[in-house]
Amino acid sequence: MPGAIDAIRDFVRQEYLIIIITNQSGIARGYYTETDYVKLMEWLKVDMQKKGVPIAGCYHCPHHPEGIIPKYAISCDCRKPKTGLFWKAKEEFNLDMDACIAIGDKPRDLEICKETKMQGYLLDYNSDCIKNMDRLGSNVKMIKRWSALR
């Protein structure tokens, strides 16, 4: 997405840790393995480091209740919109959640903003996202481009 690297690099300059929290239902659905996903994230971390964007942590939910891989075909507290992985990152990095920023392209990515004072940015939103903004709270803003964060 145009402008993403520059915007994230700006957050690094401001001494934010870059932490990825992602749903990966493709694992539960059998599209790819958890090993495949981990290899991709290892490559991404190296690539982003070369671009001046160190990734401090990556947290993923491999679950989906309708998955075909039995051990991943469950309801869990880590699949967004639930916030389990955010709280895991808080513990592991000793984060002040109210001083963090969440960026996502779906309202479910920003549910953590309801539980904290975390500033949220809904990126590249569509009409369905606009309908769900009220439930996210006043600390979530809609932006169309990464450059709006700079």
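How many bridges join strand β3 to β4, and in which sense do the two strands run? The legends below take up this pairing and then other parts of the model, which is predicted.

**Figure 1. Strands β3 and β4.** Strand β3 covers residues 101-104, and 4 bridges join it to β4. The two strands run parallel. Within this pairing, I103 stands opposite Y121 of β4. Strand β4 itself spans residues 119-123. Of its 5 residues, 4 are buried, so the strand is largely enclosed by the rest of the structure.

**Figure 2. Strands β4 and β5.** On β5, which comprises residues 140-143, the pairing with β4 is also made over 4 bridges, in the parallel sense. Y121 of β4 stands opposite K141 in β5. Another bridge links G120 to its partner V140 in β5. Y121 thus appears in two views: opposite I103 and opposite K141.

**Figure 3. The open sheet of three strands.** The sheet has 3 strands in the order β3-β4-β5, and their pairing is parallel. Which strands stand at the edges? They are β3 and β5; each has a single partner strand, so one side of each is left without a neighbour in the sheet. From one strand to the next, the twist averages 20°. Strands of a sheet pair through backbone hydrogen bonds, in either a parallel or an antiparallel manner.

**Figure 4. Strands β1 and β2.** Strand β1, residues 18-23, pairs with β2 in the parallel sense, and 6 bridges make up the pairing. One of the positions to look for is T22, whose bridge partner in β2 is H60. Strand β2 is mostly covered, with 5 of its 7 residues buried.

**Figure 5. The largest nonpolar core.** This core has 19 residues, and those with the most contacts inside it are L110, I112, C113 and M118. Two or more residues come from each of β2 (55-61), α4 (84-93) and α5 (112-115). The element that gives the most is α4, with 3 residues. Apart from this core lies another, of 13 residues, which includes I18, V53, I55 and W146.

**Figure 6. The surroundings of L110.** Which residues is L110 in contact with, leaving aside its neighbours within four places in sequence? They are A102, I103, G104, G120, Y121, L122, L136 and V140. Several of these residues have been met in the sheet views: I103 and Y121 stand opposite each other, and G120 has V140 as its bridge partner. L110 is also listed among the residues with the most contacts inside the largest nonpolar core.

**Figure 7. Cysteines without a disulfide.** The structure holds 0 disulfides. For C78, the nearest cysteine sulfur is that of C61, 3.3 Å away, and C78 is in no disulfide. The cut-off for a disulfide is 2.5 Å between the sulfur atoms, so the distance of 3.3 Å does not qualify. C78 is buried, with a relative accessible area of 10%. The sulfur of C113 is 10 Å from the closest cysteine sulfur, in C100, which is too far for a bond. C113 is buried as well, at 2% relative accessibility.

**Figure 8. The aromatic pair F11 and Y16.** The count of aromatic pairs comes to 1. F11 and Y16 form this pair, which is edge-to-face, with 5.5 Å centre to centre and 90° between the planes. A pair of aromatic rings is described by the distance of the centres and the angle of the planes. Is F11 buried or exposed? F11 is buried, with a relative accessible area of 11%. Y16 counts as partly exposed, at 29% relative accessibility.

**Figure 9. W146 and I103.** W146 is found in the segment after β5. Its relative accessible area is 11%, so it is buried. W146 and I103 are 43 residues apart along the chain, and their C-alpha atoms are separated by 9.7 Å. W146 is one of the residues of the core of 13 residues.

**Figure 10. S138 and G120.** Where does S138 lie? S138 is in the loop between α6 (127-131) and β5. At 75% relative accessibility, S138 counts as exposed. The C-alpha atoms of S138 and G120 are separated by 9.2 Å, with the two residues 18 apart along the chain. G120 has V140 of β5 as its bridge partner.

Key:
Residues numbered from 1 in each chain as written. Predicted model: local features only at pLDDT ≥ 70, side-chain atom pairs only at ≥ 80, totals over all residues. Heavy atoms only, no water. Buried < 20%, exposed > 50% of the residue type's maximum accessible area, 1.4 Å probe, protein only. Pairing = 2+ DSSP bridges. Core = buried A, V, L, I, M, F, W, Y, C linked by side-chain atoms within 4.5 Å. Contact = heavy atoms within 4.5 Å. Axes fitted to C-alpha atoms, helices over the stretch in contact; angles between N-to-C directions. Phe/Tyr/Trp six-rings, centres within 6.5 Å; stacked < 30°, edge-to-face > 60°.
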